[in-house]
Amino acid sequence: MTGPATEELRRLAVQAAESGADVCLRRLGELVAATTKGAAGDVVTAVDHAAEEAVRSVLRDARPEDSLLGEEIAEHVGTGPLQWVIDPLDGTTNYTRRIPYFATSVAVRRVTDGAWLAGAVCAPALGATWSAAKDKGAQVDSTAQAAPLPLQLIDTTARLVGTGLSYDPARRRRQLRDLDALVAGYTDMRRFGAAAVDLCLVAQGSLDAFVEGDLAVHDWAAGALIAEEAGADVTRPRIDGDPVSARRR
């Protein structure tokens, strides 16, 4: 590619994601107001906004001409070759309930062809940051280890699939009807409530697959690349509402 190397972009994505995640972790447990956006249960807090501001600050300082597409703040269309896609707090409901499955997700793609170049997902309460650069593989840095993905796990006969449910009642009913077909071929299912984390769990081999529809691009952008670079087969949506899937080979 012309422009910055993908490894340079990965490091910047990690720095930005960890900056946003630090805001989330420092304010965990505060009594912040939560408001609903769209469907019931789809909440947003002041922490979401503060975390996105922190991410954007890192990116603006390093690459002021690039575009920024975040979940909570209006899109900035720049003149640079890249667009950064930000989910400042994936798993806001978990966050408000002190469930540790939440993360800040940052990914970058080339504007001309939409190719995903790098991404990072930082789950501060889990002590883990997953990241990847296009054609360079994926890795995890945690309080316990720094290692390439997938991880070597204890051999088991279990096969686990992850999924999530829509906030929209009609879509949720459809997802529940399809659940039997989804889990066919697997021994159990997990539902953690943060798609970015789910995709990273596929990347490290903890989940054998993840499938979920009704996700926005900021939900899956970084996690999908990380899973792909760790060797999973990834399908991204062609149109809004199509499912994202990642399956270990």
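A residue counts as buried when its relative accessible area is under 20%. Keep that cut-off in mind for this predicted model. Thr-45 has a relative accessibility of 2%, so it counts as buried.

Start with this threonine. Thr-45 lies in strand β2, which covers residues 43-45. What does its side chain reach? The side chain of Thr-45 comes to 3.1 Å from the backbone nitrogen of Val-47. It also makes a polar contact of 2.7 Å with the side chain of Asp-48. Further along the sequence, leaving out residues up to four places away, Thr-45 touches Val-32, Ala-33, Ala-34, Thr-92 and Thr-96.

Now step back to the whole chain. It is divided into domain 1, residues 6-149, and domain 2, residues 160-248. The C-alpha centres of the two domains lie 18 Å apart. Their contact takes 37 residues from domain 1 and 25 residues from domain 2.

What lies between the domains? Start with a general tendency. In soluble globular proteins, nonpolar side chains tend to be buried together. Here, the largest nonpolar core has 40 residues. The members that touch the most others are Trp-116, Val-121, Trp-130, Leu-149, Val-197, Trp-220 and Ile-226. Several elements give two or more residues to this core, including strands β5 (103-110), β6 (116-123) and β7 (128-133). Helices α6 (195-204) and α7 (217-229) do so too. Domain 1 and domain 2 both give residues to the core, so it lies between them.

Apart from this core lies another one, of 20 residues. Among its members are Ala-13, Ala-16, Ala-21 and Val-106.

Return to the largest core and pick out Trp-130. Which residues does Trp-130 contact, once neighbours within four places in sequence are set aside? The list includes Gly-119, Ala-120, Val-121 and Ala-123. It also includes Gln-139, Val-140 and Leu-149. Val-197, Cys-200, Leu-201, Gln-204 and Ile-226 are on it as well.

Next, look at the aromatic rings. A pair of aromatic rings is described by the distance of the centres and the angle of the planes. The structure holds 3 aromatic pairs. One of them joins Tyr-101 and Phe-192. Their centres are 4.6 Å apart, with 25 degrees between the planes, and the pair is stacked. Tyr-101 sits in the loop between α3 and β5, while Phe-192 sits in the loop between β11 (188-190) and α6. The pair links distant parts of the chain, 91 residues apart. Tyr-101 counts as partly exposed, at 25% relative accessibility.

Another pair brings together Trp-116 and Trp-220. Their ring centres are 5.8 Å apart and their planes stand at 70 degrees, so this pair is edge-to-face. Trp-116 lies in strand β6 and Trp-220 in helix α7, so the pair ties together parts that are 104 residues apart in sequence. Are these two tryptophans buried or exposed? Trp-116 is buried, with a relative accessible area of 9%. Trp-220 is buried as well, at 7%.

One residue carries an annotation. UniProt, in an unreviewed entry, places the feature "binding site" at Asp-90. Asp-90 lies in strand β4, residues 82-90. Asp-90 is buried, with a relative accessible area of 5%. Setting aside residues up to four places away in sequence, Asp-90 touches Tyr-101, Phe-102 and Ala-103. Asp-90 also touches Ala-194, Ala-195, Ala-196, Val-197 and Asp-219.

Finally, turn to the backbone. Most residues other than glycine have a negative phi, and most peptide bonds are trans. Where does this chain depart from that pattern? Arg-98 is not a glycine, but it has a positive phi of about 60 degrees. Arg-98 lies in the loop between α3 (92-96) and β5. Arg-98 is exposed, with a relative accessible area of 60%. Asp-135 also has a positive phi, near 65 degrees. Asp-135 is found in the loop between β7 and β8. Asp-135 is exposed, at 66% relative accessible area.

The peptide bond between Leu-149 and Pro-150 is cis, with omega at about 0 degrees. Pro-150 has its place in the loop between β9 (146-148) and β10 (160-163). Leu-149 is also one of the residues that touch the most other members of the largest core.

Key:
Residues are numbered from 1 along each chain as its sequence is written. This is a predicted model: local features need pLDDT of at least 70, side-chain atom pairs count only at pLDDT 80 or more; totals for chains, interfaces and linings use all residues. Side-chain values use heavy atoms; hydrogens and water are left out. A nonpolar core is a set of buried Ala, Val, Leu, Ile, Met, Phe, Trp, Tyr and Cys residues joined through side-chain atoms within 4.5 Å. Buried means under 20% relative accessible area, exposed over 50%, partly exposed in between (1.4 Å probe, protein chains only). Helices (H or I, at least four residues) and strands (E, at least two) are DSSP runs, numbered from the N terminus. Domain bounds come from an automatic or database domain assignment. Contact means heavy atoms within 4.5 Å. UniProt positions are given in the numbering used here, feature names are shortened, and annotations may be inferred rather than shown by experiment. A polar contact is a pair of N or O atoms within 3.5 Å; within protein, one must be able to donate a hydrogen and the other to accept it, and residues adjacent in sequence count only if both atoms are side-chain atoms. Rings of Phe, Tyr and Trp (its six-membered ring) pair if their centres lie within 6.5 Å; planes under 30 degrees apart count as stacked, over 60 as edge-to-face and the rest as tilted.
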